[in-house]
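Please read this briefing alongside the sequence and the structure shown below. The points are grouped by topic, from the overall make-up to single residues.

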Amino acid sequence: MPAVDKLLLEEALQDSPQTRSLLSVFEEDAGTLTEYTNQLLQAMQRVYGAQNEMCLATQQLSKQLLAYEKQNFALGKGDEEVISSLHYFSKVVDELNILHTELAKQLADTMVLPIIQFREKDLTEVSTLKDLFGLASNEHDVSMAKYSRLPKRKENEKVKAEVAKEVANSRRKQHLSSLQYYCALNALQYRKRIAMVEPMLGYTQGQINFFKKGAEMFSKRMDSFLSSVSNMVQSIQRDLDAEAEAMRVSQQDLLSVSESVYTPDSDVTSPAINRNLIQKAGYLNLRNKTGLVTTTWDRLYFFTQGGNLMCQPRGAVAGGLIQDLDNCSVMAVDCEDRRYCFQITTPTGKSGITLQAESKKEYEEWISAINNISRQIYLSDNPEAVAIKLNQTALQAVTPITSFGKKQEMRCSRQNVKNMENDKIIPNEPSNMQDCTQLIAPGTPIQFDIVLPATEFLDQNRGGKRTNPFGESEDGKKDEEEDSLLKQMFVVRFLGSMAVKSDSTNEVIYEATRQVLAARAIHNIFRTTESHLMVTSKNLRLIDPQTQVTRTSFELASVTQFAAHQENKRLIGFVVRIAEALGEESMSAYIFESNTEGEKICYAISLGKEIIEAQKDPEALAQLMRSMPLTNDGKFMLLNDQAEEDGTVCEERGEESEA
């Protein structure tokens with residue numbers, strides 16, 4: 001017997017669009033079967049009615065044949081043979097009437113009754129379960145919409161628990177109704193075969209029994225066929241019994257799951273998150289703008305396919321493209337006081353779509369999966385291994401180092417090994433490294449954007465004066481910076497800044513760099529804005545490369561510590577001490593990535609500080625100026641040719657680059 005298409009009961013809880021699409025095929029099949037069954041029943045009732053009419057007709061015929069004798073024909077003499085013949089025919093008709101009556105009774109029991117029972121029991125049950133399933137699905141959608149509107153701050157725990165319980169109850173109800181509905185549809189695929197064959201089997205057997213008494217040829221010719229049909233019906237019945245038992249056991253197993261399967265965000269404290277995904281599918285809330293200030297949230301089914309994010313509404317055969325994920329960025333956002341929201345941004349920096357996940361686990365896994373796909377990991381030979389390796393690297397980056405003393409001990413131990421190899425024993429110097437908690441307070445927030453974008457800065461400061469990197473003012477007047485004896489330009493990208501507790505050692509810059517890079521890896525922030533860092537003998541200025549507007553400025557005297565990273569020479573940071581109210585001071589570390597070596601920027605800052613100190617003593621200043629070359633106009637000091645090349649701003653660059 002060919003296999004029967006079935007709905008998988010395991011997919012009833014997920015209720016994916018693929019399952020709904022397959023369910024619509026089963027529903028369409030059930031509707032077609034219902035229409036056909038009604039037409040078939042009408043035909044069979046017509047046959048049964050004709051057979052009943054045959055019984056009445058033959059009975060009436062027999063009476064009419066006997067009534068011939070009682071007729072007072074004027075010319076009725078000599079009809080005795082006719083009357084006897086008619087009596088014989090009446091007897092034959094009576095015997096045929098008995099056979100027709102038995103055939104009518106057999107057709108009613110074996111042909112009409114099974115198809116009526118199939119229509120009234122099986123098809124009506126499927127229709128009823130379909131209505132219950134639709135009501136349960138609508139109730140679940142309403143409860144999920146109510147749950148999604150719960151605020152993430154200052155929410156009433158009692159209300160949250162009630163809503164979560166309501167979601168669990170509605171989801172359980174939908175799960176139970178879907179399981180019953182799926183079981184009924186699966187069983188219908190077997191029962192419809194029986195319902196189509198069994199009535200005709202009864203009809204054929206009745207007709208053969210009717211004709212057997214008059215013609216044995218029919219029984220001889222049909223016995224083998226009827227036997228095979230009977231065996232087929234029995235085989236289908238056995239398959240139905242086995243499948244019904246298997247579905248009953250599977251239904252019990254699926255309903256015996258824990259409450260966490262129905263409750264969203266059941267393990268919010270420590271969910272098991274898989275950050276190595278390169279494919280992801282599930283329901284998300286999509287934010288749509290319906291007006292200037294009004295928005296709606298639609299719950300849709302999303303899935304990834306290669307480097308694309310697809311969306312598939314319920315009942316649709318296939319999904320449609322929503323967003324190209326190659327080289328895009330994803331980050332968490334605060335949106336309309338909703339929890340678990342994240343936004344996908346295009347490679348050009350344009351804001352894409354805003355989505356909301358159902359739970360923290362889904363929220364973290366969607367962000368990780370989109371981030372992995374944006375790196376085009378799926379194009380590699382072994383994307384799973386590449387994703388695992390990248391995430392392990394990120395975890396190592398965010399692993400806290402308890403103290404710089406341990407780091408120093410590791411360095412000293414490696415140095416001792418080298419000394420022992422050279423048959424020299426050099427004792428380690430006592431480490432004066434400070435604990436990282438003494439340098440940066442735990443949990444210190446990190447700022448990834450130093451100021452407003454240049455366009456917004458111009459809107460807020462109309463009439464402001466542009467800063468020319470070559471010291472020439474637009475109105476021809478002498479700029480106050482022309483008094484500076486040093487001007488050096490560097491192309492940098494701001495990575496982040498954070499408050500620090502000490503500026504007595506370079507280790508504070510190393511620790512701030514580590515925490516900034518680790519935070520960028522955790523939050524999937526990989527894009528930075530390019531700026532020009534102007535180092536003068538008075539201050540440090542960040543200049544927008546397109547508009548030449550100064551984004552921010554630091555007095556050189558307030559820069560108390562600066563250093564380049566020990567391993568990545570392009571990373572540089574400095575600590576700025578700022579006076580606060582009530583005589584207090586605050587310290588902040590600023591971390592940058594440069595196109596040139598960080599040591600050159602450190603040298604320029606150091607030279608600027610030397611000029612500040614030398615300006616207090618004219619002789620020292622004159623000696624310093626004699627030792628350093630000047631530009632052709634005698635205004636500014638030159639560092640070296642390589643620094644000049646790295647500071648050139650004539651080369652055009654994009655506004656954004658990878659960190």
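**Overall make-up**

The protein has 13 helices and 16 strands, and the model described here is a predicted one. Of its 659 residues, 41% count as buried, and the accessible surface of the protein comes to about 36800 Å², with 52% of that area belonging to carbon and sulfur atoms. Among the contacts in the protein with a separation of 6 or more, 69% are accounted for by residues 24 or more positions apart.

**Aromatic pairs**

- The count of aromatic pairs in the protein comes to 13.
- One of these pairs is formed by Y283 and Y301, whose rings meet edge-to-face, at 5.2 Å centre to centre and with 75° between the planes.
- Because Y283 lies in strand β1 (residues 281–289) and Y301 in strand β2 (residues 295–305), this pair ties together parts that are 18 residues apart in sequence.
- Y283 is buried, and Y301 is buried as well.
- The ring centres of F494 and Y590 are 6.5 Å apart and their planes stand at 45°, so this pair is tilted.
- F494 belongs to strand β9 (residues 487–500) and Y590 to strand β15 (residues 585–594), so the pair ties together parts that are 96 residues apart in sequence.
- Both F494 and Y590 are buried, and ring pairs link these two residues with F554, F574 and F592 into a cluster.

**Arginines over ring faces**

- R299 lies over the face of Y283, at 4.4 Å from the ring centre, and Y283 is also the residue that forms an edge-to-face pair with Y301.
- R172 lies over the face of Y262, at 5.3 Å from the ring centre.

**Cysteines**

- A search of the whole structure finds 0 disulfides.
- A disulfide is a covalent bond between the sulfur atoms of two cysteines.
- For C341, the closest cysteine sulfur is that of C335, at 5.2 Å, which is too far for a bond, given that a disulfide is counted for sulfur atoms within 2.5 Å.
- C341 is buried, with a relative accessible area of 2%, while C55 also counts as buried, at 8% relative accessibility.

**Helices α10 and α11**

- Helix α10 (residues 507–522) has 16 residues, which should span 22 Å at 1.5 Å a residue, and this agrees with its end C-alpha atoms, which are 22 Å apart.
- The buried residues of α10 include E507, V508, I509, Y510, E511, A512 and T513, and further along the helix V516, A518, A519 and R520 are buried too.
- Helix α11 (residues 598–614), with 17 residues, reaches 24 Å from its first C-alpha to its last, close to the 24 Å expected at 1.5 Å a residue.
- In α11, the buried residues are G598, K600, I601, C602, A604, I605, L607, G608, I611 and A614.

**L22 in helix α1**

- L22 lies in helix α1 (residues 17–67), and at 37% relative accessibility it counts as partly exposed.
- Leaving aside neighbours within four places in sequence, L22 is in contact with K6 and L7.
- L22 and L7 are 15 residues apart in sequence, and in space they are 7.5 Å apart, C-alpha to C-alpha.

Methods
Residues numbered from 1 in each chain as written. Predicted model: local features only at pLDDT ≥ 70, side-chain atom pairs only at ≥ 80, totals over all residues. Heavy atoms only, no water. Phe/Tyr/Trp six-rings, centres within 6.5 Å; stacked < 30°, edge-to-face > 60°. Helix = DSSP H or I, 4+ residues; strand = E, 2+ residues; numbered from the N terminus. Buried < 20%, exposed > 50% of the residue type's maximum accessible area, 1.4 Å probe, protein only. Lys NZ or Arg CZ within 6 Å of the ring centre and 35° of its normal. Contact = heavy atoms within 4.5 Å. Areas by Shrake-Rupley, 256 points an atom, 1.4 Å probe, with all protein chains shown as cover. Expected span 1.5 Å × (residues − 1).
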